[in-house]
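Trainee: I am new to this structure and would like a close look at a single part. Please take me through the sheet and what packs around it.

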Amino acid sequence: MVIIDVRRFEALIFDLDGVITQTAAVHARAWKQLFDQFLARRATETDGPFVPFDLENDYRRYVDGKPRIAGVASFLAARGITIPMGALDDEAEQETAHGLASRKDHYFAELLTQEGVDVSPSAESLLNEARRRGMRIAVASSSHHCAEILRTAGLTALFDARVDGIDLDRLGLAGKPAPDMFLEAARRLDVTPPRTAVFEDATAGVEAARAGDFGLVIGVGPAARAPELLKHGADKVVATLGEVQFEGRCSLP
């Protein structure tokens with residue numbers, strides 16, 4: 001159980017996928033679809049072995065929480081594969097890093113349309129309770145689909161600010177594990193990092209919050225992942241948002 005003293009922490013910033021919604025698994029499957037197709041084709045062309053993308057280890061290690069282009073670059077580098085970077089507006093059919101990132105985005109959008117959005121247990125009640133106590137709330141996600149996901153889940157009105165993958169491109173922000181997204185979210189909320197708690201399920205996001213000197217970094221994940229999240233900078237780890245409670249009331253106007 002984690003108890004947040006609202007007199008000390010005036011704002012909350014949440015990652016989206018895997019924290020507010022259960023879309024992290026959808027992202028992972030989209031990445032697997034992308035990389036397995038790419039790796040199978042490459043193995044055929046080079047007569048090399050086909051080693052598929054690991055839905056758990058490869059996803060967590062190389063792409064979870066990062067901007068799409070960083071995820072592509074990180075995974076391909078781990079496999080010793082070099083392809084042209086290309087440009088931001090590359091089409092999904094192009095064999096460039098940006099082209100692969102665009103293709104992954106298409107796969108994710110298809111899965112999202114087919115399956116909808118599952119909201120994490122206790123997420124909506126936690127957000128409502130935080131607002132009732134006068135806290136300011138933001139979401140900071142590398143996803144380009146953040147607004148769409150929140151709208152589909154009916155959660156848009158519960159957030160005072162949003163920083164997402166579109167903002168990353170538009171503002172030239174560095175993606176997680178750099179703290180830029182969280183710092184921009186705090187700026188939009190008009191709060192300081194020491195007075196803000198951050199919720200993250202990815203090690204890159206935990207590192208980002210720690211690098212930004214946020215006052216409380218809460219990892220979200222099963223008990224098996226707790227040591228990893230703590231190692232990368234989480235102060236506390238909860239399995240679900242239902243393990244978070246508040247005391248006091250915020251003094252923000």
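Mentor: What follows starts with the sheet, moves to the cores, and ends with the helices. The model is a predicted one.

The sheet is open and has six strands in the order S4-S3-S2-S5-S6-S7, paired in parallel. Its edges are strand S4, residues 161-163, and strand S7, residues 236-238; each has a single partner strand, so one side of each is left without a neighbour in the sheet. From one strand to the next the twist averages 20°.

At the S4 edge, the partner is strand S3, residues 136-140, and the two strands pair in the parallel sense over three bridges. Within this pairing, Val139 stands opposite Arg162 in S4. Helix H8, residues 180-189, packs on the sheet. H8 touches strand S2 (11-14), S3, S4 and strand S5 (196-200), and its direction makes about 160° with that of S4.

Now the nonpolar cores. In soluble globular proteins, nonpolar side chains tend to be buried together. Here the largest nonpolar core has 58 residues, and those with the most contacts inside it are Ile4, Phe14, Ile20, Phe35, Phe159 and Phe199. Helix H1, residues 24-46, gives this core its largest share, nine residues. Phe159 can serve as an example: leaving out residues up to four places away in sequence, Phe159 touches Phe14, Ile20, Leu127, Arg131, Ile137, Ala138, Val139 and Leu150. There is also a second, separate core of 22 residues, which includes Ala138, Ala140, Ala161 and Val198.

H1 also leads to the helices. H1 and helix H4 pack with their axes 8 Å apart, at an angle of about 135°. That angle makes H1 oblique to H4. The crossing of H1 past H4 is right-handed. On the H1 side, the contact is made by Val26, His27, Arg29, Ala30, Trp31, Gln33, Leu34, Gln37, Phe38 and Arg41. On the H4 side, the contact residues are Leu100, Arg103, Lys104, Tyr107, Phe108, Leu111, Leu112 and Glu115.

H1 and H4 (97-115) are also, together with helix H2 (57-63), among the elements that cover the buried residues of helix H3. In H3, residues 68-78, the buried residues are Arg68, Gly71, Val72, Ser74, Phe75 and Leu76. After H3 comes Gly80, whose phi is positive, near 70°.

Note on methods
Residues are numbered from 1 along each chain as its sequence is written. This is a predicted model: local features need pLDDT of at least 70, side-chain atom pairs count only at pLDDT 80 or more; totals for chains, interfaces and linings use all residues. Side-chain values use heavy atoms; hydrogens and water are left out. Two strands pair if DSSP finds at least two bridges between them. Helices (H or I, at least four residues) and strands (E, at least two) are DSSP runs, numbered from the N terminus. Axes are lines fitted to C-alpha atoms, for helices over the stretch in contact, and angles run from 0 to 180 degrees between N-to-C directions. Contact means heavy atoms within 4.5 Å. A nonpolar core is a set of buried Ala, Val, Leu, Ile, Met, Phe, Trp, Tyr and Cys residues joined through side-chain atoms within 4.5 Å. Buried means under 20% relative accessible area, exposed over 50%, partly exposed in between (1.4 Å probe, protein chains only). Angles under 35 degrees count as roughly parallel, over 145 as roughly antiparallel, 65 to 115 as roughly perpendicular and the rest as oblique. A crossing is left-handed if the near helix is turned anticlockwise from the far one by less than a right angle, and right-handed if clockwise.
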